[in-house]
Amino acid sequence: MDRTLIAGKVEQARAAVASDDTDCWITFCRETDEVDEPCLPYILGFDVVWPTAVVVGPEASAVVLGRHDAPNAERLGVHDVYPYDESFVPALREALDSVAADAETVAVNFDRDDNVADGLTHGLYLQLRDAIGDEYEFASAGDVVREVRGLKSATERERIYAAAETTEELLAAMVEAWDPSWTEAEIVDWLHARMTERDLGSAWSWEYCPTVHAGGASEVGHTLPGDRSVPRNELLHVDFGVRQDGYSADIQRLYVRGDVPDGLRSAFEDVRAAIDAGHEVLEAGVEGHEVDTAAREALTDAGWPAFEHAFGHQVGRAAHDGGTLLGPLWDRYGDAPNGEVRVGEIYTMELGVDTEWGYVGQEEMVEITETGTEWVVDPQTELRSL
């Protein structure tokens, strides 16, 4: 358990509830080793077995949990603790009365578009509805979750920056060790071995983090590594991020084996220009789709097809950290691109083009500041050599 981080996020949650239209926020979960509740690491920090409710009001918070899990909550020392044996219902009602005595509207973890705010299963929703009765109206906790998860504390910021620096460090070490005979799979194996030595996790699924593409014949996308090595005068594209101390990085880097063909250099410059166009628009107060449009138009104006994904996403505990999306107004993204960018959020900016020499994909990380943005790690502004 990370008490300092959790205590800070719970204070943030109380402030979010105070400014929200709801009266309190309930995170309700069970058997979290099997069915993840994305909010739990921020407000409790350990897995639970029996039905558990974390109730956050504007000034206080409480946790209702099985008696055998209760000692962990007592040691955490952040919430009032209400243990139970046979039924959580009386304890939950007591906790609600204590935290938000006059509550009418309760925020719970469902959201149409934001996966990190949608952890409440339908079965648990029904249990919670039965437990607290019809006197409470349920509303989406999406706005509260986006505040708690999106606005990074000083500790979270430090850990994300460190994860990004470690990611760059491992990539540099891989290039030093690289042999022309290495296949995509061998590059992945080398990086996985270094990650295992340092007890690092992967920012997304271990099987394809890093995602590696060797040359123009490699299939682009969230692909598993193959048996291709990098041909002469072609690209190695790596999409990579480690998870370190619970927080993630997500960057893409490009390397050339041999000479750089003029067409490849031109493609790289067009990709960089499109990322820069999005970056120029990216600041607190803009809506996500506005940033995507600037980057997308810069790329298509240069004669390339539009990319088929969002320009950027938030990064935190996960590589895709929910909240406002720097994406187009497509049905698949729901309302996320209409969200406003806020100071304290950390985003990627990513796009690429497919060429005969390989996928020219770039991804950078930036923090939103009062005056604009700050690079999490230095951007790749030139093609690198193997």
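This report describes the aromatic pairs, the charges placed over rings and the largest cavity of a predicted model.

## Aromatic pairs

In this predicted model, seven aromatic pairs are found. One of them joins Tyr125 and Phe138, whose rings meet edge-to-face, with 5.4 Å from centre to centre and an angle of 80° between the planes. Because Tyr125 belongs to helix 5 (residues 122–132) and Phe138 to strand 6 (residues 137–140), this pair ties together parts of the chain that are 13 residues apart in sequence. The two partners fall into separate classes of accessibility: Tyr125 counts as partly exposed, at 27% relative accessibility, whereas Phe138 has a relative accessible area of 11% and is buried.

Another pair is made by Trp182 and Trp190, and it is classed as tilted because the ring centres lie 6.3 Å apart while the planes stand at 35°. Both Trp182 and Trp190 are buried. Elsewhere, ring pairs link Phe28, Trp50, Tyr84 and Phe88, so that these four residues form a cluster.

## Charges over rings

Trp190, which is a partner of Trp182 in the tilted pair, also has a charged group over its ring: the charged end of Arg194 sits there, at 4.7 Å from the ring centre. The buried residue Trp190 therefore takes part both in a ring pair and in a contact with an arginine.

A second arrangement of this kind involves Arg317, which lies over the face of Tyr42 at 5.7 Å from the centre of the ring. Tyr42 appears again below, since this residue is included in the lining of the largest cavity.

## The largest cavity

Which residues line the largest cavity? The lining consists of Trp25, Cys39, Tyr42, Ile43, Val145, Val148 and Arg149, and the space enclosed amounts to about 30 Å³. When the whole structure is searched for cavities of 30 Å³ or more, one is found.

Two helices, helix 2 (40–43) and helix 6 (142–150), each contribute at least two residues to the lining of the largest cavity. Helix 6 provides the largest share, with three residues. In terms of residue class, the lining has six nonpolar residues and one charged residue, with no polar residues. Arg149 is among the lining residues, as is Tyr42, the residue whose ring face is covered by Arg317.

Terms used: Residues numbered from 1 in each chain as written. Predicted model: local features only at pLDDT ≥ 70, side-chain atom pairs only at ≥ 80, totals over all residues. Heavy atoms only, no water. Phe/Tyr/Trp six-rings, centres within 6.5 Å; stacked < 30°, edge-to-face > 60°. Helix = DSSP H or I, 4+ residues; strand = E, 2+ residues; numbered from the N terminus. Buried < 20%, exposed > 50% of the residue type's maximum accessible area, 1.4 Å probe, protein only. Lys NZ or Arg CZ within 6 Å of the ring centre and 35° of its normal. 1 Å grid on protein atoms, 1.4 Å probe; cavity = no way out; pocket = protein on both sides within 12 Å on 5 of 7 lines; lining within 4 Å. Points joined across faces, edges and corners; volume = space filled by probe spheres on them. Nonpolar A, V, L, I, M, F, W, Y, C, P; charged D, E, K, R; others polar.
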